[in-house]
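Thank you all for coming; I would like to take a few minutes to walk through one structure. Please keep the sequence and the picture in view while I talk, and stop me if I go too fast.

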Amino acid sequence: MSETPARRRASMSDQALIEGTGADWKTWLAILDERDAASLDHAAIAHLLVKEFGVDGWWAQSITVGFEQERGLREPGQRADGTFSANASKTVPVAIGTAFEWVADPDRQREWLGALELSQRSASPPKSVRFDASDGTRVLVNLSDKGGGKTAVQVEIPGLASAEEGATAKSAWRERLTRLAEALAR
């Protein structure tokens, strides 16, 4: 599924790309087409950008994903391995330590997760925690101190089979994070 340049550029403007790499989307797409990059895998395209053009690794990844989407090699939200991920985030009105407790503690999870149950795989308090979920997904949670007694809670659900599964997971996690914020505001 090919994405239109206008839609792709909504995620990264030509101006940002020029400032970061010295060239716009049209130029990078033409360069990669000249080198038959559509026949390469993701890593090889990014490597080409780094080695031949001196593009920083982060920018090389961004250009590679944009190229793959533009040429119909990857759908928006799709990873190089063909899976999809969903992301949701919410800033909550408590310090990072408190937010971590509410995310990691099974008793507190019941107040905002609904029927979903999480089994903790690993944690790096108070910044991250990883779970296996009762719906068969993995859940990665990162927390960032925003100052002023606020914390950004960012959730990623990797390894989904389709964009539709990603949209469903994103919607469900937005609702869960809204319930978390409401519980923490009481």
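I will begin with the chain as a whole, then move to the sheet, then to a pair of helices, and end with a few single residues.

Before anything else, please keep in mind that what you see is a predicted model. The protein chain contains eight helices and five strands, and if you follow the elements from the N terminus, they come in the order α-α-α-α-α-β-α-α-β-β-β-β-α. The C-alpha atoms fill a box of roughly 55 × 35 × 30 Å when it is taken along the principal axes. Of the 186 residues in the chain, 39% are buried. If we take contacts between residues at least 6 apart in sequence, 52% of them join residues at least 24 apart.

Let us turn to the sheet. In what order do the five strands lie in the sheet? They form an open sheet in the order 1-5-4-3-2, and the pairing is antiparallel. The edges are strand 1, residues 84–92, and strand 2, residues 118–124, each of which pairs on one side only. From one strand to the next, the twist averages 20°. For those of you who are new to this, strands of a sheet pair through backbone hydrogen bonds, either parallel or antiparallel.

Now we can cross the sheet pair by pair, starting from the edge at strand 1. Strand 1 pairs with strand 5, residues 150–160, over eight bridges in the antiparallel sense, and within this pair F84 stands opposite L160 of strand 5. Helix 6, residues 96–104, packs on the sheet and touches strand 1, strand 2, strand 3, strand 4 and strand 5, while its direction makes about 165° with that of strand 4.

Strand 5 also pairs with strand 4, again antiparallel, and here there are seven bridges; one place to look is N142, whose bridge partner in strand 5 is Q154. These two strands form a hairpin with two residues between them, and in that turn G148 has a positive phi of about 60°.

Moving on, strand 3 and strand 4 run antiparallel and are joined by five bridges, and D132 has R138 of strand 4 as its bridge partner. Their hairpin has four residues between the strands, and G136 in it takes a positive phi near 90°.

At the other edge, six bridges join strand 2 to strand 3, which also run antiparallel, and S119 has D132 of strand 3 as its bridge partner. The hairpin between strand 2 and strand 3 passes through three residues. P126 lies in the loop between these two strands, and the peptide bond from P125 to P126 is cis, with omega near -5°.

While we are in the sheet, I would like to pause at one residue, L140, which is found in strand 4. Is L140 buried or exposed? Its relative accessible area is 15%, and since the cut-off for buried is under 20%, L140 counts as buried. R130 stands opposite L140, and the residues that L140 touches, leaving aside those up to four places away in sequence, are V129, R130, Q154, V155, E156 and P158. By contrast, L140 and H47 are 93 residues apart in sequence and 28 Å apart in space, C-alpha to C-alpha.

H47 gives us a way into the helices. Helix 4, residues 42–53, packs with helix 5, residues 57–70, at an angle of about 130°, and their axes are 9 Å apart. Why are they called oblique? An angle over 145 degrees would count as roughly antiparallel and one of 65 to 115 as roughly perpendicular, and the two helices are therefore oblique to each other. Helix 4 passes helix 5 in a right-handed crossing. On the side of helix 4, the contact is made by H42, I45, A46, L49 and V50, and on the side of helix 5 by G57, A60, Q61, I63, T64, V65, F67 and E68. These contact residues divide into eight nonpolar, four polar and one charged.

My last stop is D36, in the loop between helix 3, residues 25–34, and helix 4. D36 has a positive phi of about 55° although it is not a glycine, and with a relative accessible area of 46%, D36 is partly exposed.

That is where I will stop, and I am happy to take questions.

Note on methods. Residues are numbered from 1 along each chain as its sequence is written. This is a predicted model: local features need pLDDT of at least 70, side-chain atom pairs count only at pLDDT 80 or more; totals for chains, interfaces and linings use all residues. Side-chain values use heavy atoms; hydrogens and water are left out. Two strands pair if DSSP finds at least two bridges between them. Axes are lines fitted to C-alpha atoms, for helices over the stretch in contact, and angles run from 0 to 180 degrees between N-to-C directions. Contact means heavy atoms within 4.5 Å. Angles under 35 degrees count as roughly parallel, over 145 as roughly antiparallel, 65 to 115 as roughly perpendicular and the rest as oblique. A crossing is left-handed if the near helix is turned anticlockwise from the far one by less than a right angle, and right-handed if clockwise. Ala, Val, Leu, Ile, Met, Phe, Trp, Tyr, Cys and Pro count as nonpolar, Asp, Glu, Lys and Arg as charged, and the others, Gly among them, as polar. Buried means under 20% relative accessible area, exposed over 50%, partly exposed in between (1.4 Å probe, protein chains only).
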